[in-house]
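This report goes through one chain, from its contacts and overall form to its helices and side chains. Please have the sequence and the 3D view open while reading.

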Amino acid sequence: MLDIKLLREQPDVVKAQLGRAGVEPGAIDAVLAFDEQRRALLKEVEALKATRNAVSKEIGKMKDAAERDAKIAEMRGVGDRIAELDKQVAQVEEQQRMGLLELRNIPNADVPDGPDEDHNVVIAQEGEPRPFDFTPKPHWELGESLGMIDFE
């Protein structure tokens with residue numbers, strides 16, 4: 001999985017390199033948008049938690065019971081907002097994680113451009129391919145016919 005820090009710091013480089021492999025720049029932009037949203041939500045959560053902590057200290061020093069009860073009620077609302085934002089952060093983090101999982105790794109400079117293995121180039125071949133007097137089956141068909149794999 002690509003490091004989100006690399007995407008943040010060098011988005012154009014990542015887009016260019018992944019573009020060689022057929023990845024659309026929009027996929028990278030989507031991951032970065034989730035990252036910005038997540039960071040904004042975390043900033044708001046941290047600010048609310050700091051406010052709640054500061055007010056909690058004030059509440060402990062208050063003498064007037066009515067004022068203290070009002071502040072406590074206000075902080076319950078802040079706590080509810082923090083819980084709501086935490087849920088949003090979890091959702092955005094999951095969307096970001098899924099976007100990152102869908103991005104492939106940056107290809108090595110030696111890898112030919114192309115979206116799949118059909119664009120690969122054979123560099124060396126050892127010996128000649130063995131001739132068969134039958135049509136070879138792929139491993140998934142062999143496994144299924146031998147009862148070793150059950151795709152159902």
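A contact here means heavy atoms within 4.5 Å. Residues 24 or more positions apart account for 70% of the contacts in the chain with a separation of 6 or more. The model is predicted, so local features need pLDDT of at least 70 and side-chain atom pairs count only at pLDDT 80 or more, while totals for chains, interfaces and linings use all residues. Residues are numbered from 1 along each chain as its sequence is written, and side-chain values use heavy atoms, with hydrogens and water left out.

**Overall form**

The chain has five helices and zero strands, where helices (H or I, at least four residues) and strands (E, at least two) are DSSP runs numbered from the N terminus. Its radius of gyration is 28 Å, well over the 15 Å that the globule rule gives for 152 residues, so the chain is more spread out than a compact globule. That radius is taken over C-alpha atoms, and the globule rule is 2.2 Å times the number of residues to the power 0.38. Along the principal axes, the C-alpha atoms fill a box of roughly 95 × 45 × 20 Å.

Of the 152 residues, 20% count as buried. Buried means under 20% relative accessible area, exposed over 50%, and partly exposed in between (1.4 Å probe, protein chains only).

**Annotated spans**

UniProt lists two spans in unreviewed entries, compared below. Its positions follow the numbering used here, feature names are shortened, and annotations may be inferred rather than shown by experiment.

| UniProt feature | Residues | Helix | Strand | End C-alpha distance |
|---|---|---|---|---|
| domain: Serine-tRNA synthetase type1 N-terminal | 1–107 | 84% | 0% | 13 Å |
| coiled-coil region | 38–95 | 95% | 0% | 10 Å |

**Helix H4**

Helix H4 covers residues 65–102; its 38 residues should span 56 Å at 1.5 Å a residue, and its end C-alpha atoms are 55 Å apart, which agrees. The expected span is 1.5 Å times one less than the number of residues. The buried residues of H4 are Met75, Val78, Ile82, Leu85, Val89, Val92, Gln96, Gly99 and Leu100. An α-helix has 3.6 residues a turn, so residues three or four places apart point the same way. Helix H1 (4–9) and helix H3 (25–61) are included in what covers the buried residues of H4.

**The aromatic pair**

The structure holds one aromatic pair. Phe132 and Phe134 form this pair, which is tilted, at 5.2 Å centre to centre and 50° between the planes. Rings of Phe, Tyr and Trp (its six-membered ring) pair if their centres lie within 6.5 Å; planes under 30 degrees apart count as stacked, over 60 as edge-to-face and the rest as tilted. Phe132 counts as partly exposed because its relative accessibility is 41%.
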